[in-house]
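Biologist: Could you take a close look at one part for me, the surroundings of the ligand, and then walk me outward from there? Keep it casual, and tell me which residues are involved.

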Amino acid sequence: MTLIVQAKQRLGAFSLDAAFTSEGGVTALFGRSGSGKTSLIRIIAGLARPDEGRVALDGETLTDTAAGIFVPKHRRRFGYVFQEARLFPHLSVRANLTYGRWFAPRAARGESFDHIIDLLGIETLLERSPTKLSGGERQRVAIGRALLSSPRLLLMDEPLAALDEARKAEILPYLERLRDETEIPIVYVSHAIAEVARLANQVVIMDDGKVEATGPAVDILSHASAASDRKEAGALLEGTVESFDARHRLSIVALKSNRLHVPGTALASGRSVRIRIPSRDVMLATARPEGLSALNILEGRIEDMAPDDDGTVEIRLDCDGDTVLSRITALSCERLDLRPGKTVFAIIKTVALEG
Ligand SMILES: Nc1ncnc2c1ncn2[C@@H]1O[C@H](COP(=O)(O)OP(=O)(O)OP(=O)(O)O)[C@@H](O)[C@H]1O
């Protein structure tokens with residue numbers, strides 16, 4: 001699967017000029033409010049025509065302003081999931097789901113009804129009215145409806161933004177299953193870094209209508225500038241669960257060269273996980289500390305130091321192939337005489353498992 005997107009569009013005072021290519025999986029369009037994510041997804045969907053640009057999926061041109069091509073939205077066979085589930089209140093969940101099927105060409109009906117119901121865990125909701133569902137349940141039904149139209153591409157615009165944290169946590173595993181168990185490529189708009197860190201294979205960072213950076217999620221999200229909110233900045237690492245220490249409720253996760261102790265639920269050995277280490281939760285020491293409660297202390301070399309105007313410095317460490325970010329004060333930097341190339345020890349206070 002290859003999706004090519006190039007678009008220029010003027011919208012009042014705002015100007016969009018963005019391009020990216022996706023090779024499948026989940027591609028997240030990530031950026032602060034007003035950066036142009038929705039405008040770009042609308043162009044991909046065929047809901048808007050760019051002033052100049054091209055959209056092509058697997059060699060089929062859907063929009064090409066130079067060649068005068070514009071395939072209308074309903075002929076693109078894309079599924080669309082919005083922030084608010086737009087279900088028909090007078091129809092049952094089942095009828096809402098099968099409604100999506102009407103748009104699927106018979107030959108293209110790939111995923112079976114039963115498989116999708118199972119994938120999204122909505123079997124027990126089928127005879128209910130959408131008005132009697134929670135926000136998370138409604139959104140799962142909306143995703144099911146989009147999937148049943150056998151989309152070639154699923155476009156999701158902030159599908160979790162209207163939900164509270166508990167509902168988000170409830171729905172995220174279903175989105176992961178969607179990513180892992182179907183072949184449908186997904187373009188996913190979000191401004192929540194935790195969501196993107198958990199789901200995305202590829203990230204396109206948008207800022208003021210432009211693509212600021214694009215690449216594999218693990219590379220892109222480990223740059224401080226990826227976080228629109230500094231509090232959220234941190235490194236994203238991929239690892240494999242080695243074992244679970246039941247007595248202390250800790251998973252041992254192997255990274256490229258290091259091992260981390262991750263508190264929380266039991267995870268199956270061999271499972272791939274993503275781990276996020278917020279940079280504000282990483283302290284640095286110039287000698288290996290002893291007598292500390294922190295379980296995770298990694299040795300690394302300072303690769304880069306980026307001072308900010310608020311008196312803090314974002315420091316990037318290479319811990320034998322595993323990248324860790326730390327944000328400390330400029331004063332601490334001076335006192336420890338930190339500079340690129342120096343060996344330090346990163347004391348990691350929290351390690352969050354992203355699933
Ligand atoms: N039809 C329009 N006319 C004029 N300005 C527009 C129009 N549509 C969008 N804009 C402006 O374009 C900018 C980008 O909007 P867009 O909705 O694409 O951003 P976004 O990144 O999706 O933001 P959010 O996360 O808040 O949804 C905003 O400044 C918006 O006000």
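Modeller: Let's start with who supplies the shell around the ligand: helix H1, residues 37–45, gives the largest share, three residues. Bear in mind that this is a predicted model. The full set around the ligand runs Leu11, Gly12, Phe14, Gly31, Ser33, Gly34, Ser35, Gly36, Lys37, Thr38, Ser39 and His191. Sort that shell by class and you get two nonpolar residues, nine polar ones and one charged. The glycines count as polar in that tally.

Now zoom out to the chain. The assignment splits it into domain 1, covering 3–221, and domain 2, covering 234–353. Going by C-alpha atoms, the centres of the two domains sit 33 Å apart. Where they meet, five residues of domain 1 are in contact with four residues of domain 2. On the domain 1 side, the elements that put in two or more residues are helix H6 (193–199) and helix H7 (217–220). That side of domain 1 is made up of four nonpolar residues, no polar ones and one charged.

Next, the helix packing. Generally, a pair of packed helices is described by the angle between the axes and the distance between them. Take helix H3 (residues 113–120) and H4: the axes are 10 Å apart and the angle is about 150°. Since angles over 145 degrees count as roughly antiparallel, that makes H3 roughly antiparallel to H4. The crossing of H3 and H4 is right-handed. H3 brings Phe113, Ile116, Ile117 and Leu120 to this contact, while H4 answers with Arg140, Ile143, Gly144, Leu147 and Leu148. By class, that contact of H3 with H4 comes to seven nonpolar residues, one polar and one charged.

H4 (residues 135–148) has another partner, helix H5 (residues 165–181); their axes come within 9 Å and cross at roughly 25°. The cut-off for roughly parallel is under 35 degrees, so H4 is roughly parallel to H5. The crossing of H4 and H5 is right-handed. Here Gly135, Gly136, Gln139 and Arg140 of H4 meet Arg167, Glu170, Ile171 and Tyr174 of H5. The class split for the contact of H4 with H5 is two nonpolar, three polar and three charged. One residue to keep an eye on is Arg140: it is listed in the contact of H4 with H3 and again among the H4 residues that meet H5.

Terms used: Residues are numbered from 1 along each chain as its sequence is written. This is a predicted model: local features need pLDDT of at least 70, side-chain atom pairs count only at pLDDT 80 or more; totals for chains, interfaces and linings use all residues. A residue is near a molecule or strand if its C-beta atom, placed from the backbone, lies within 6 Å of it. Helices (H or I, at least four residues) and strands (E, at least two) are DSSP runs, numbered from the N terminus. Domain bounds come from an automatic or database domain assignment. Two residues are in contact if their C-beta atoms, placed from the backbone, lie within 7 Å. Axes are lines fitted to C-alpha atoms, for helices over the stretch in contact, and angles run from 0 to 180 degrees between N-to-C directions. Angles under 35 degrees count as roughly parallel, over 145 as roughly antiparallel, 65 to 115 as roughly perpendicular and the rest as oblique. A crossing is left-handed if the near helix is turned anticlockwise from the far one by less than a right angle, and right-handed if clockwise.
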